[in-house]
Amino acid sequence: MEKFLIILGLSTLILFIFGIVSRFLKIPPILSFILAGLVLGIFVHEDITLERLSEIGIILLFFYLGLEFNIARALEVSKRIWIVGVIDLLLNFGGVFLALLIMGFDFVIAVLGGAIAYASSSAITSKIIVDEKRIANTETEMILGLMVFEDIVAPILLAILAGVMSGGNLEPLTFGVIFFKVLAVFSFIILLAMTMKDKISSFIEKFLEEDIFILFAFGLLISFAGLTYYIGLSEALGAFLIGMLISETGKAEIVEKHLISIRELAVAIFFFVFGSNIVFNVEFFNLHNVLTLTLMVVVSIIGKVLTGFIGGQVYGLSKKTSLVAGLSIVNRGEFSIVISKLSPSSYAPLFGIYTLLMAFIGTFTIQYAPKIAKLVFKPKKQ
């Protein structure tokens, strides 16, 4: 017990220091938390309690994503951005999936790798857009719309993969059962939202200012996340759906404020533990693994840049702003980390190092996207 307390206490203090450094260097705190885990992972790598706390971070992270939009907004965004979203899925999931097949990986691992490479990091992208004062830029609406589209698709993809990885195959019957489970939990939440949202809203209103309200919110969230995990889906999907249900009641912003401190701590530890689990052993760096990693990174960068460039023009942006959009979504982060946890231990170094590289490369491409686009599309001389 005392060992856990010392590790937890020192870890949070170290995360605070790294957070200060990230602010000074003007990089997203997420990257500094991962770096802290890389540097100090030897001390926390085998602490199962800290690992469990980081899993609560996953649940809270997806809960907050769900709070961001209700069912109506999710449908509206999907209508406007779906073509760009399909391009994104084909180029990034499909591109890495094919690359891994070419490198000799089996079908299930190739699917898993494609899923890991699919979604950009909403946390990194939105943070830098705000910090760089690019909210009003013409490409930002499409970028944020695509982030929301990915936020909807990724939890469903995660739920399907969680079921597949537990069964170890992609047989039609297995896939059908998993899809039925996903449909069932979505239908259950939509039914609750349609029939009970006013009562839930009144309940939240009644107990909101009570000190014990956090027990209700946290208990409901963890219980439903546990239920979806118990039936063979992911806990992240359950958390995401509870967030959407709360959003339907109109109380999302208030509930968010009550859980913000817990979320910030748990999410920071989540990224810290992820960094600590990345193992740079000599055996990993053989020719096949290095070539695979390089191919995944190159295909992923090209895939996102093309998503922004092609999708941006479909959306109505100029070539220059479309390139800015593409360079702004190269990063990978929270979704890649969560999905990579489903991989067999032998593949963990490959997917862990891949996510780390994409997070750092993507951070720099988004920061310098406008300058790169200006160099590529130079203004015409009068």
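**Surface patch.** I take a nonpolar patch to be made of Val, Leu, Ile, Met, Phe, Trp or Tyr residues with over 30% relative accessible area and no salt bridge, their side chains joined within 5 Å. In this predicted model, I found such a patch formed by W82, I83, V86, L90, V298, I302, L306, I310 and V314, which together have about 780 Å² of accessible area. Helices α4 (71-102) and α12 (287-315) each supply at least two of the patch residues, and the largest share, five residues, comes from α12. I looked up I83, which has its place in helix α4, and noted a relative accessible area of 38%, so I83 is partly exposed.

**Nonpolar core.** I then turned to the interior, where the largest nonpolar core has 112 residues, and those with the most contacts inside it are F62, F63, L241, I242, F271, F351 and Y354. Helix α7 (residues 140-167) gives the largest share of this core, 13 residues. For F351 I listed the contacts beyond four places in sequence, and these are L100, I109, L112, G113, I116, M296, S340 and S343.

**Helix α5.** Several of those partners, including I109 and L112, are among the buried residues of α5, and I therefore checked how enclosed this helix is: 11 of its 12 residues are buried, so α5 is largely enclosed by the rest of the structure. I also compared its length with expectation, and the 12 residues of α5 (residues 107-118) should span 16 Å at 1.5 Å a residue, which agrees with the 16 Å between its end C-alpha atoms.

**N289.** This residue lies in helix α12 and counts as buried at 17% relative accessibility, because the cut-off is under 20%. Leaving out residues up to four places away in sequence, I found that N289 touches F284 and L350.

**Salt bridges.** My count came to four salt bridges. One of them joins the side chains of E139 and R134 at 3.9 Å, N to O, and both residues are buried. In another, the closest N and O atoms of E150 and K304 are 2.8 Å apart; E150 lies in helix α7 and K304 in helix α12, so this pair ties together parts that are 154 residues apart in sequence. Both E150 and K304 are buried. E248 forms a salt bridge with K197, with the closest N and O atoms 3.9 Å apart, and the pair ties together helix α10 (residues 235-248) and helix α8 (residues 172-207), in parts 51 residues apart in sequence. Here E248 is buried, with a relative accessible area of 17%, whereas K197 is partly exposed at 30%. Finally, I noted that salt bridges with shared partners join D88, E150 and K304 into one network.

Notes:
Residues are numbered from 1 along each chain as its sequence is written. This is a predicted model: local features need pLDDT of at least 70, side-chain atom pairs count only at pLDDT 80 or more; totals for chains, interfaces and linings use all residues. Side-chain values use heavy atoms; hydrogens and water are left out. A nonpolar core is a set of buried Ala, Val, Leu, Ile, Met, Phe, Trp, Tyr and Cys residues joined through side-chain atoms within 4.5 Å. Buried means under 20% relative accessible area, exposed over 50%, partly exposed in between (1.4 Å probe, protein chains only). Helices (H or I, at least four residues) and strands (E, at least two) are DSSP runs, numbered from the N terminus. Contact means heavy atoms within 4.5 Å. Patches are made of residues with over 30% relative accessible area and no salt bridge: like charges are joined within 9 Å, nonpolar side chains (Val, Leu, Ile, Met, Phe, Trp, Tyr) within 5 Å. Accessible areas come from the Shrake-Rupley method with a 1.4 Å probe; for residues, only the protein chains shown count as cover. The expected span of a helix is 1.5 Å times one less than its number of residues.
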